Amino acid sequence: MSITLDQVALVGRTYNEYKRMFDVTKESLEGKKVLDVAAGVSSFCAIGNAVGLNITAIDPAYYFMADEIETKAEEDLDTVLAKLAFNKSHYNWDFYHDIEGVRISRFKAYQTFLKDYQSNPSNYIPGEVSKLPFEDKEFDTTLVSHLMFLYDHLFTEEEQIATFRELIRVTRNEIIIFPTKNLSGQNSKWVDLIIKNTEFLEHTFRLEKAQFEFQKGNSLRLRVTV
Ligand SMILES: C[S@@+](CC[C@H](N)C(=O)[O-])C[C@H]1O[C@@H](n2cnc3c(N)ncnc32)[C@H](O)[C@@H]1O
């Protein structure tokens, strides 16, 4: 797959935001092996492992050193916040209240990530979603936040299918992908492509409303029982 780091913002969400997006809790993930795909500078892996969960994060950003990641995360956060300020009315402010609230949350996420990235490097695997360096059925639950459907214009049909096939290969029970709309706020065409693909007929798909809606109307997650 040909996505480069320049095409996708290196911003990360917090453990708390992940809980809302995916409807997971410490209790629901306890005893499970969890994979966070395109984890970037999110603090989900750091906090989750700190509270006793078993989470592995994978992202192409992990080919880089902590200071390089920090520089890009800082720059990308500024870019994202500037865009948000122009498009404020497209967003729902219940959770963050204002732009400063987003900055604080994203800053906390990447600072927490950076500490853990340096102290527990074995939890952070460099790699990309279309070629996961894991054994078949290695994970009970796989989460994908803010990549596959959000940046749908960066994937070809073949890449989306190959990527989904790869997620199924490494997952034993459940894959959850959030959100299902793209950056323009339209339903990603790849959701139907996957759900209706005869190759994936034996899997069960459910679209669920998450307790998290920042981009207005973009609050559905796709839950797949493998
Ligand atoms: C918008 S961030 C989302 C980060 C995190 N999942 C979250 O929701 O906070 C998108 C992430 O996708 C990663 N990414 C870009 N191309 C990728 C690929 N081919 N495979 C896996 N991750 C990729 C980027 O490095 C970035 O960290």
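This is a dialogue between a biologist and a modeller about how to read some features of a predicted model.

Biologist: Let me begin with the ligand: how many residues surround the ligand, and which are the closest?

Modeller: Since the model is predicted, everything I say here is computed from it. The ligand is surrounded by 21 residues, and the closest are R13, A38, G40, E128 and S145.

Biologist: How does the shell around the ligand divide into nonpolar, polar and charged residues?

Modeller: In that shell, 13 residues are nonpolar, five are polar and three are charged.

Biologist: A38 is among the closest residues to the ligand, and I should like to know where A38 is placed, and whether A38 is buried or exposed.

Modeller: A38 sits in the loop between β1, which covers 33-37, and α3, which covers 44-50. To judge burial one counts the other C-beta atoms within 10 Å, and 20 or more make a residue buried; A38 has 22 of them, and therefore A38 is buried.

Biologist: What should I look for in the backbone angles and peptide bonds?

Modeller: The general idea is that most residues other than glycine have a negative phi, and that most peptide bonds are trans. In this structure A38, a residue other than glycine, has a positive phi near 60 degrees. D23 is not a glycine either, and its phi is positive at about 55 degrees.

Biologist: Where is the place of D23, and how many other C-beta atoms lie within 10 Å of D23?

Modeller: D23 belongs to the loop between α1 (15-22) and α2 (26-29). With 17 other C-beta atoms within 10 Å, D23 is partly exposed.

Biologist: Which residues does a cis peptide bond join?

Modeller: F178 and P179 are joined by a cis peptide bond, whose omega is about -10 degrees. As for its place, P179 lies in the loop that runs between β5 (171-178) and α7.

Biologist: Turning to the helices, how do I describe the way in which α4 and α5 cross?

Modeller: One asks how closely the axes come and at what angle they cross; for α4 (residues 66-86) and α5 (residues 99-119) the axes come within 11 Å, and the crossing is at roughly 165 degrees. Angles over 145 count as roughly antiparallel, and so α4 is roughly antiparallel to α5. The crossing of these two helices is right-handed.

Biologist: Which residues meet where α4 and α5 are in contact?

Modeller: On the α4 side they include I69, L77 and L84, and on the α5 side they include V102, Y110 and L114. The residues of this contact divide into twelve nonpolar, one polar and three charged.

Biologist: What can a loop residue such as H203 teach me about sequence distance and distance in space?

Modeller: H203 is placed in the loop between α7 (189-195) and β6 (204-209). Although H203 and V226 are 23 residues apart in sequence, their C-alpha atoms are 5.2 Å apart in space. Apart from its neighbours within four places in sequence, H203 is in contact with V224, T225 and V226. H203 is partly exposed, because it has 15 other C-beta atoms within 10 Å.

Biologist: Is T198, in the loop between α7 and β6, buried or exposed?

Modeller: T198 has 6 other C-beta atoms within 10 Å, and therefore T198 is exposed. Its C-alpha atom is 31 Å from that of S28, and the two residues are 170 residues apart in sequence.

Definitions and conventions. Residues are numbered from 1 along each chain as its sequence is written. This is a predicted model: local features need pLDDT of at least 70, side-chain atom pairs count only at pLDDT 80 or more; totals for chains, interfaces and linings use all residues. A residue is near a molecule or strand if its C-beta atom, placed from the backbone, lies within 6 Å of it. Ala, Val, Leu, Ile, Met, Phe, Trp, Tyr, Cys and Pro count as nonpolar, Asp, Glu, Lys and Arg as charged, and the others, Gly among them, as polar. Axes are lines fitted to C-alpha atoms, for helices over the stretch in contact, and angles run from 0 to 180 degrees between N-to-C directions. Helices (H or I, at least four residues) and strands (E, at least two) are DSSP runs, numbered from the N terminus. Angles under 35 degrees count as roughly parallel, over 145 as roughly antiparallel, 65 to 115 as roughly perpendicular and the rest as oblique. A crossing is left-handed if the near helix is turned anticlockwise from the far one by less than a right angle, and right-handed if clockwise. Two residues are in contact if their C-beta atoms, placed from the backbone, lie within 7 Å. A residue is buried if 20 or more other C-beta atoms lie within 10 Å of its own, exposed if 12 or fewer, and partly exposed in between; C-beta atoms are placed from the backbone.
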